[in-house]
Amino acid sequence: MIQQIYPQVQHSYSYELNKDMHFAAAHFVPHEAAGKCQNIHGHTYFVNVTIGGDELDESGFLVNFQVLKKLVSGQFDHTLLNDHDQLFNEQNANDFPTTEVIARKIYELIQAHLDVLPNKPSCLQVFVRETPTSYVVYRPKQVRNHG
Ligand SMILES: Nc1nc2c(c(=O)[nH]1)N=C([C@H](O)[C@H](O)COP(=O)(O)OP(=O)(O)OP(=O)(O)O)CN2
Ligand SMILES: [Zn+2]
């Protein structure tokens, strides 16, 4: 949620950047355990991403806030998440559009972008709030450049 205090991630990078984003999207969870959430319904997702690094780029950025927003909100806003078949499918529970999987997919999208930047920042944490009472924090097991 915008202006919420987020869980902290431990690291030793000199710079830590956080970007809040939000997007409106529909989804359904294709498993009977999801109950009513098997039906298409919508949320305003609130996302916070945490990025660390020791070097800035030629703009003085660790990574451009606007690029992060485009990668996440720009891709998902006003869409049905299940339609993103490069990311989500109904065959594998690790690819269902649950809050947990959405958080991990956002991490993967962002880290793939960071990997091509010369200053090599790392995504340390992705926070996804799906409802006023439900959120997930995803942290990669191994941070790429060991902050
Ligand atoms: N571990 C998970 N459990 C559930 C997920 C999920 O992604 N991961 N998703 C859903 C539904 O899609 C939906 O988001 C409902 O969430 P829920 O917290 O149950 O929302 P409610 O508004 O019904 O909850 P309140 O306790 O009334 O606020 C379900 N489970
Ligand atoms: Zn839902």
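In the predicted model, aspartate 95 is located in the loop between S3 and H2. This residue counts as partly exposed because 15 C-beta neighbours fall inside 10 Å. When neighbours within four places in sequence are left aside, the contacts of aspartate 95 are Phe88, Asn89 and Val101. Val101 is itself one of the buried residues of H2. Aspartate 95 and valine 126 are 31 residues apart in sequence, and their C-alpha atoms are 17 Å apart in space.

Helix H2, which spans residues 99-114, lies across S2, strand S4 (122-131) and S5, and runs at about 150° to S4. The helix comprises 16 residues and reaches 22 Å from its first C-alpha to its last, close to the 22 Å expected at 1.5 Å a residue. Its buried residues are Val101, Ile102, Ala103, Arg104, Lys105, Ile106, Ile110 and Leu114. These buried positions pack against S2, H1, S4 and S5.

The strands that H2 crosses belong to an open sheet of five strands, arranged in the order S3-S1-S2-S4-S5 with mixed pairing. Strand S3 (79-80) and strand S5 (134-138) are the edge strands, each pairing on one side only. In general, the strands of a sheet pair through backbone hydrogen bonds, in either a parallel or an antiparallel sense. Strand S1, covering residues 15-27, pairs with S3 in the parallel sense over two bridges. In this pairing, alanine 26 stands opposite leucine 80 in S3.

Antiparallel pairing is found elsewhere in the sheet, where S2 and S4 are joined by seven bridges. Valine 49 stands opposite valine 126 in S4. S4 also pairs with S5 in the antiparallel sense, here over five bridges. Two residues lie between S4 and S5 in the hairpin that they form. Within this hairpin, valine 128 faces valine 136 in S5, and arginine 129 stands opposite tyrosine 135 in S5. Nine of the ten residues of S4 are buried, so this strand is largely enclosed by the rest of the structure.

Helix H1 (residues 65-76) lies across S1, strand S2 (41-53) and S3, and runs at about 15° to S1. Phenylalanine 76 lies in this helix. Phenylalanine 76 counts as buried because it has 24 C-beta neighbours inside 10 Å, the threshold for burial being 20 or more. Not counting residues up to four places away in sequence, phenylalanine 76 touches Phe23, Ala25 and Leu81. The C-alpha atoms of phenylalanine 76 and tyrosine 45 are separated by 9.8 Å, although the two residues are 31 residues apart along the chain.

Two loop residues are notable for their backbone conformation. Most residues other than glycine have a negative phi. Histidine 78, in contrast, has a positive phi of about 55° although it is not a glycine. Histidine 78 is placed in the loop between H1 and S3. With 10 other C-beta atoms within 10 Å, histidine 78 is exposed. Lysine 120 likewise is not a glycine but has a positive phi, of about 50°. Its place is in the loop between H2 and S4. Lysine 120 has 13 C-beta neighbours inside 10 Å and therefore counts as partly exposed.

The surroundings of ligand 1 consist of Val29, Ala34, Cys37, Thr98, Thr99, Glu100, Glu130, Thr131, Thr133 and Ser134. H2 and S4 are the elements that give two or more residues to this shell. By class, the shell has three nonpolar, five polar and two charged residues.

Technical notes. Residues numbered from 1 in each chain as written. Chains lettered and ligands numbered in written order. Predicted model: local features only at pLDDT ≥ 70, side-chain atom pairs only at ≥ 80, totals over all residues. Pairing = 2+ DSSP bridges. Helix = DSSP H or I, 4+ residues; strand = E, 2+ residues; numbered from the N terminus. Contact = placed C-beta atoms within 7 Å. Axes fitted to C-alpha atoms, helices over the stretch in contact; angles between N-to-C directions. Near = placed C-beta within 6 Å. Nonpolar A, V, L, I, M, F, W, Y, C, P; charged D, E, K, R; others polar. Expected span 1.5 Å × (residues − 1). Buried ≥ 20, exposed ≤ 12 C-beta atoms within 10 Å, placed from the backbone.
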